[in-house]
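This report describes selected features of one protein chain, taking its helices, its loops and its main pocket in turn. Please keep the sequence and the model in view while reading.

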Amino acid sequence: MESEILFSEKQKFRQWWLWAILLIINVIMFWGVFQQIINGEQFGDKPMSNWGLLLTTTPLLLITLLIFTIRLDTLIKKDGIYVRFFPFHWSFKKFSWDNITSAYVRQYSSLLEYGGWGIRIGLFGKGNAWNISGDKGLQLEFTDKKKLLIGTAQPEELAATLEKIGHLTK
């Protein structure tokens, strides 16, 4: 991974509605912990045990921290495309140009084609997708007939980089 980086993109979950939901849930749960465990007052009409409240609040906090740390990193270099979906992939996955038969930027529907965002397994021959948000992505087709769509928030810059190095198809 030593060659010059021609294109670089880092994406994180930035959807306001996702953060609003997580914030509301976490505030309610932390208020419950504060009220019941610290103040000694029951939280709700049918309160959980203190342990139950902690065992519910802790995973919610961990899920929120996980979503906060998730990042999709995409690099284009002369020798291929490097992608990492952190923290699920600690190192970059390299897709060499020798194994790519087609690379182009396209519009897609995350919900209809892949069932949502994240590391997704496509249905009906669509291949897999790694995406964070939006509806634009780099579609890769490989020599073994597999497909991978990598979401991008910079479709024009990505396409221009591929065209510049002679690897934009379609």
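## Elements and basis

Strands here are DSSP runs of E with at least two residues, and they are numbered from the N terminus. The structure is a predicted model, and the statements below should be read with that in mind.

## Two loops with unusual backbone features

Lys 145 lies in the loop that runs between strand 8 (136-142) and strand 9, and its phi is near 75 degrees, a positive value in a residue other than glycine. The side chain and backbone of this residue can also be considered for accessibility: with a relative accessible area of 72%, Lys 145 is exposed, the cut-off for that class being over 50%.

A second backbone feature is found at Pro 87, which is placed in the loop between strand 3 (80-86) and strand 4 (93-96). The peptide bond joining Phe 86 and Pro 87 is cis, with omega at about 5 degrees.

## Helix 2 and its buried side

Helix 2 comprises the 20 residues 50-69, which at 1.5 Å a residue should span 28 Å, and the distance of 29 Å between its end C-alpha atoms agrees with this. The buried residues in helix 2 are Gly 52, Leu 53, Thr 57, Thr 64 and Ile 67; because they cover an arc of only 115 degrees around the axis, they lie on the same side of helix 2.

Helix 1 (16-38) is included in what covers these buried residues. On the face of helix 2 turned away from the buried side, the exposed residues Trp 51, Leu 55 and Leu 62 are carried.

## Gly 32 in helix 1

Gly 32 is a residue of helix 1, and it counts as buried because its relative accessibility is 0%, where the cut-off is under 20%. Leaving aside residues up to four places away in sequence, Gly 32 touches Ile 37, Phe 43 and Leu 53. Of these contacts, Leu 53 is also one of the buried residues of helix 2, while the C-alpha atom of Phe 43, 11 residues away along the chain, is separated from that of Gly 32 by 5.5 Å.

## The largest pocket

The largest pocket has a volume of about 160 Å³, and its lining consists of Phe 95, Ile 119, Arg 120, Ile 121, Asn 128, Trp 130, Phe 142, Lys 146, Lys 147 and Leu 148. Strand 6 (118-121), strand 7 (128-131) and strand 9 (147-151) are the elements that give two or more residues to this lining, and strand 6 gives the most, with three residues.

By class, the lining of the largest pocket is made up of six nonpolar, one polar and three charged residues.

How values were computed:
Residues numbered from 1 in each chain as written. Predicted model: local features only at pLDDT ≥ 70, side-chain atom pairs only at ≥ 80, totals over all residues. Heavy atoms only, no water. 1 Å grid on protein atoms, 1.4 Å probe; cavity = no way out; pocket = protein on both sides within 12 Å on 5 of 7 lines; lining within 4 Å. Points joined across faces, edges and corners; volume = space filled by probe spheres on them. Helix = DSSP H or I, 4+ residues; strand = E, 2+ residues; numbered from the N terminus. Nonpolar A, V, L, I, M, F, W, Y, C, P; charged D, E, K, R; others polar. Buried < 20%, exposed > 50% of the residue type's maximum accessible area, 1.4 Å probe, protein only. Expected span 1.5 Å × (residues − 1). Arc of directions from axis to C-beta. Contact = heavy atoms within 4.5 Å.
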